[in-house]
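Q: Please take a close look at one strand of this chain and describe what surrounds it.

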Amino acid sequence: MKKSVYAVSGMKCVHCKANVENALKALNGVVSAEANLEDANVTVEYDESKVNPSEIKEAVDNSGRYELSL
């Protein structure tokens, strides 16, 4: 398991936070995702053998008006 923190732009409210978290939790291999509005980031714990950072970025970027920085 790997735990990483990624910057996410575009999160402005609790609905945005939930969208980002739900998009990540839907990925096979993501164990947990916790977005932080104040710090504009998301902490993701995931199985590197099932999902990679590019897939994590794609899930966030496609979930709304958000952009995850690797």
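The answer below takes up one strand and then the parts around it.

Q: Where does strand 3 sit in the chain, which strands does strand 3 pair with, and what do V42 and N41 touch?

A: The model is a predicted one, and it helps to place the strand in the whole chain before looking at its residues. The chain holds two helices and four strands, and read from the N terminus these elements follow the order β-α-β-β-α-β. Strand 3 covers residues 41-46. The UniProt annotation "domain: HMA", from an unreviewed entry, covers residues 2-68, so named in the record and possibly inferred rather than shown by experiment. That span is 31% helix and 34% strand, and its end C-alpha atoms are 17 Å apart.

Strand 3 has pairing partners in strand 1 and strand 2. With strand 1 (2-9) it runs antiparallel, and six bridges join the two. With strand 2 (30-36) the pairing is likewise antiparallel, again over six bridges. Individual bridges show how this works out along the strand. V42 is the bridge partner of Y6 and also the bridge partner of A35. Further along strand 3, Y46 is the bridge partner of V30. Strand 2 and strand 3 form a hairpin with four residues between the strands, and in this hairpin A40 takes a positive phi near 55°.

V42 deserves a closer look. Apart from its neighbours within four places in sequence, V42 is in contact with S4, V5, Y6, V8, V20, L24, E34, A35 and L68. Two of these, Y6 and A35, are the bridge partners already named. Others in the list, V20 and L24, fall within the range of helix 1 (14-25). L68 lies within strand 4 (67-69).

V42 also belongs to the largest nonpolar core, which has 18 residues. The residues with the most contacts inside this core are V8, V20, L24, V42, V44 and I56. Strand 1, helix 1, strand 2, strand 3 and helix 2 (53-61) each give two or more residues to the core. V8, V20 and L24 are thus on the list of residues with the most contacts in the core, and they are also among the contacts of V42.

N41, in the same strand, is a polar neighbour to consider next. At 17% relative accessibility N41 counts as buried, because the cut-off for buried is under 20%. Leaving out residues within four places in sequence, N41 is in contact with V5, Y6, A7, V8, M11, E34, A35 and N36. V5, Y6, V8, E34 and A35 are among the residues that V42 contacts as well.

On the helix 1 side, E21 is a residue to note. E21 is in helix 1 and is buried, with a relative accessible area of 9%. Leaving aside neighbours within four places in sequence, E21 is in contact with A33, E34 and A35. A35 is the residue that bridges to V42 in strand 3, and E34 is another contact of V42.

Helix 1 is also touched from the loop between helix 2 and strand 4, where S63 is found. S63 counts as partly exposed at 21% relative accessibility, and it touches N19, V20 and A23, not counting residues up to four places away in sequence. V20 is also in contact with V42. The C-alpha atoms of S63 and A7 are separated by 15 Å, with their places 56 residues apart along the chain. N62, in the same loop, is exposed, with a relative accessible area of 61%. The C-alpha atoms of N62 and A23 are 8.5 Å apart, although the two are 39 residues apart in sequence.

The values for the whole chain give the setting. Of the contacts between residues at least 6 apart in sequence, 57% join residues at least 24 apart. Buried residues make up 33% of the 70 residues. The radius of gyration is 11 Å, which agrees with the value near 11 Å for a compact globule of 70 residues. Along the principal axes, the C-alpha atoms fill a box of roughly 30 × 20 × 20 Å. The accessible surface is about 4200 Å², and 45% of it belongs to carbon and sulfur atoms.

Note on methods
Residues are numbered from 1 along each chain as its sequence is written. This is a predicted model: local features need pLDDT of at least 70, side-chain atom pairs count only at pLDDT 80 or more; totals for chains, interfaces and linings use all residues. Side-chain values use heavy atoms; hydrogens and water are left out. A nonpolar core is a set of buried Ala, Val, Leu, Ile, Met, Phe, Trp, Tyr and Cys residues joined through side-chain atoms within 4.5 Å. Buried means under 20% relative accessible area, exposed over 50%, partly exposed in between (1.4 Å probe, protein chains only). Contact means heavy atoms within 4.5 Å. Two strands pair if DSSP finds at least two bridges between them. The radius of gyration is taken over C-alpha atoms; the globule rule is 2.2 Å times the number of residues to the power 0.38. Accessible areas come from the Shrake-Rupley method with a 1.4 Å probe; for residues, only the protein chains shown count as cover.
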